[in-house]
Protein chains: 2
Amino acid sequence: MGQGRPAVTSKGELELLALELFAERGFEQTTVDDLAEAAGIGRRTFFRYFASKNDVVYGDFDAALGELRARLAATPEEVPLWDGIRDAVLAFNALPPGAEPQHRVRMSLVLHTPALQAHSTLRYAGWRAVIAEHAAPRLGVAVDALEAQLVAHQALACAVTAYEQWLARPGTDLAALLDQAFGSLAVTAGR
Amino acid sequence: MGQGRPAVTSKGELELLALELFAERGFEQTTVDDLAEAAGIGRRTFFRYFASKNDVVYGDFDAALGELRARLAATPEEVPLWDGIRDAVLAFNALPPGAEPQHRVRMSLVLHTPALQAHSTLRYAGWRAVIAEHAAPRLGVAVDALEAQLVAHQALACAVTAYEQWLARPGTDLAALLDQAFGSLAVTAGR
DNA sequence: CCATAAACGGCACTCGGTGCAACAAACAAG
DNA sequence: CTTGTTTGTTGCACCGAGTGCCGTTTATGG
C-alpha cells in the first residue's frame, strides 16, 4: 500500500484556499502563481491538481453528477417526469447545514465571473446529459431526440434561474426557489 | 469627413477569411498570427477589429439583437406570449437564401468548439435580456423576477436545442425545428 | 508644405497552460 | 544499509491569447 512520495496538499484543501483568495481579491485578480504560492506548492504542481484555474471552483462535480444520476435511476416509473426531476435536482442542491455561506461565495463566483460563467456551460453539458438519459425513456424517445434534449435544457434553465434569484436576494431559500422555478415551468410554458 | 488613414480591411472581410480558415484547420489549430498573416495585417491590428479570437465567429451580434428587440416591441398586445416569442425567434434565425451552408459552418463552430461553446454563454445573456424585457410586462412582473427570467431561459433552451438538432441532422430545416421546439415546450413542460 | 486625424503595427510584457526531464520522499526486498 | 520502484513535486523552456505604449504610415484639409 501507500507507496511513493506523499502528496503535499489535497484538491479539497487547495480548493478552500483558492475560494478564500477569490473572495478577497476577485477571481481575475488572483493569478495561479498566487494560488500556488499561498498553498506552498510550485506553479506546475497546481496544474496537477486542477486542469485549469477555472476548474478550482467546481469542486468534485463529477462525483456530484454521479449522485444525481443514481437518484434519478432510483425514481419509480410511476412518478411523473417533472416530479422526479424536481426532486432529484432539489436533492442535488441540498446544502449541509452551515455550508450555505460558502456555497453562496462559490456560486456567486460561478454566475457572476464572466470566465466562469462561460466555463460552466461545459459543466452543464454533463448535467444535461444525465437529465436527458433519465427523461428519454419516459418520453418514449431516443436520448438525442429533440424532446429529451429540450427537457434537459429546461431543467437546467430552472436550476440556473433559481440560483440567480437566490444570489440576487440574500436570505432567500434555495430549495424554495428551485421548487418555485419548476412550478412556474408548467405555468409560463402555456401562455 | 473621411480623414485619416483608410482601413486596410474590414470586420466583415476578416470574418469571412477567418471562418474559412477555421473550417479548414479547426478553431484551435488556427492562431491569431495565422489570421493576421492571411489577412495581410499585423497581429496587433487584428485585435483592433475583434476584441478576442472568439468574437470573430459571432458577426454583428449586437445589431442582430437590436432587430430582435425591435420585432418583439412591434408585437401586438393581444398576441399570446409564446406566439410572439416564437415568431420573433424564427425571424431572428431566418436565413437569406444561399447563406445556409456558411451558417452551418458558423454554428457548428459555435456549438461544437469548447472555447466557443463556453464563450457563447456570454452572448446569450444579452439575448435573454431582450426576451425577458419583452416577457416581463406581459407576465405582469419585473424584468428581474423569476418568471420573466425563466421564460427567457426557456426560449433560449428552445433555440439551442433546435440548433443542435439542425446541426446533427444534415438536410433538416432550421425553422421547422425551432417551431417544433417551441411546440414541444408546452407539451413536455406538463408531464 | 504642414497640421491633423485615423489606422497600422512592432515591442515588450502578463497570464494561463503544456511537455519534459530531473529530483525527492516514501516503502519493500535483499 | 543499499538498491529499486513508485509516486508526487518542481524547474525550465515554450506556446498562444491579450494589452499598453508609442512610433509610423497614409489619408485629407488648409
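Here are some worked exercises on a predicted model of two protein chains and two DNA strands.

**Exercise 1. Get your bearings in chain A**

Task: How many helices and how many strands does chain A have, and what pattern does the chain follow along its sequence?

Solution. Start by counting: chain A has nine helices and zero strands. Next, read along the sequence, and the pattern comes out as α-α-α-α-α-α-α-α-α. To get a feel for the dimensions, take the principal axes: the C-alpha atoms of chain A fill a box of roughly 55 × 45 × 30 Å.

**Exercise 2. Split chain A into domains**

Task: Into which domains is chain A divided, and what separates their centres?

Solution. First, find the bounds: domain 1 of chain A covers 2–56, and domain 2 covers 60–183. Now go from centre to centre over C-alpha atoms, and you get 27 Å. Then look at where these two domains touch: domain 1 of chain A puts in five residues and domain 2 of chain A puts in eight. Finally, sort the domain 1 side by class, which gives four nonpolar residues, one polar and no charged.

**Exercise 3. Pack α8 against α9**

Task: At what angle do the axes of α8(A) and α9(A) cross, and why do the two helices count as oblique?

Solution. Two packed helices are described by the angle between their axes and the distance between the axes. Take both here: the axes of α8(A) and α9(A) come within 8 Å and cross at roughly 135 degrees. Angles over 145 count as roughly antiparallel and 65 to 115 as roughly perpendicular. With roughly 135 degrees between them, α8(A) and α9(A) are therefore oblique to each other. As for handedness, α8(A) passes α9(A) in a right-handed crossing.

Now pick out the residues that meet. On the α8(A) side they include Cys158(A), Ala162(A) and Trp166(A), while the α9(A) side includes Leu178(A), Ala181(A) and Phe182(A). By class, this contact holds 10 nonpolar residues, three polar and no charged.

**Exercise 4. Put the two chains together**

Task: How many residues of chain A are in contact with chain B?

Solution. Count each side: 33 residues of chain A are in contact with 33 residues of chain B. Then ask where the chain A residues sit: α5 (81–92), α7 (114–139), α8 (146–168) and α9 (174–189) of chain A each supply at least two of them. The largest share, 14 residues, belongs to α8(A). Sorting the chain A side by class gives 17 nonpolar, 12 polar and four charged residues.

**Exercise 5. Find the protein around each DNA strand**

Task: Which residues are the closest to DNA strand D, and which to DNA strand C?

Solution. Begin with DNA strand D. 26 residues surround this strand, and the closest are Gly4(A), Arg5(A), Gly42(A), Arg5(B) and Ser52(B). The elements giving two or more residues to that surface are α3 (43–49) of chain A plus α2 (32–39) and α3 (43–49) of chain B. Of these, α3(A) gives the largest share, three residues. By class, you should find eight nonpolar, 11 polar and seven charged.

Then repeat for DNA strand C. 25 residues surround that strand, with Ser52(A), Lys53(A), Gly4(B), Ile41(B) and Gly42(B) the closest. At least two residues each come from α2 (32–39) and α3 of chain A and from α3 of chain B. Here the largest share, three residues, is from α3(B). The class tally near DNA strand C is seven nonpolar, 11 polar and seven charged residues.

Terms used:
Residues are numbered from 1 along each chain as its sequence is written. Chains are lettered from A and ligands numbered from 1 in the order in which they are written. This is a predicted model: local features need pLDDT of at least 70, side-chain atom pairs count only at pLDDT 80 or more; totals for chains, interfaces and linings use all residues. A residue is near a molecule or strand if its C-beta atom, placed from the backbone, lies within 6 Å of it. Helices (H or I, at least four residues) and strands (E, at least two) are DSSP runs, numbered from the N terminus. Ala, Val, Leu, Ile, Met, Phe, Trp, Tyr, Cys and Pro count as nonpolar, Asp, Glu, Lys and Arg as charged, and the others, Gly among them, as polar. Two residues are in contact if their C-beta atoms, placed from the backbone, lie within 7 Å. Axes are lines fitted to C-alpha atoms, for helices over the stretch in contact, and angles run from 0 to 180 degrees between N-to-C directions. Angles under 35 degrees count as roughly parallel, over 145 as roughly antiparallel, 65 to 115 as roughly perpendicular and the rest as oblique. A crossing is left-handed if the near helix is turned anticlockwise from the far one by less than a right angle, and right-handed if clockwise. Domain bounds come from an automatic or database domain assignment.
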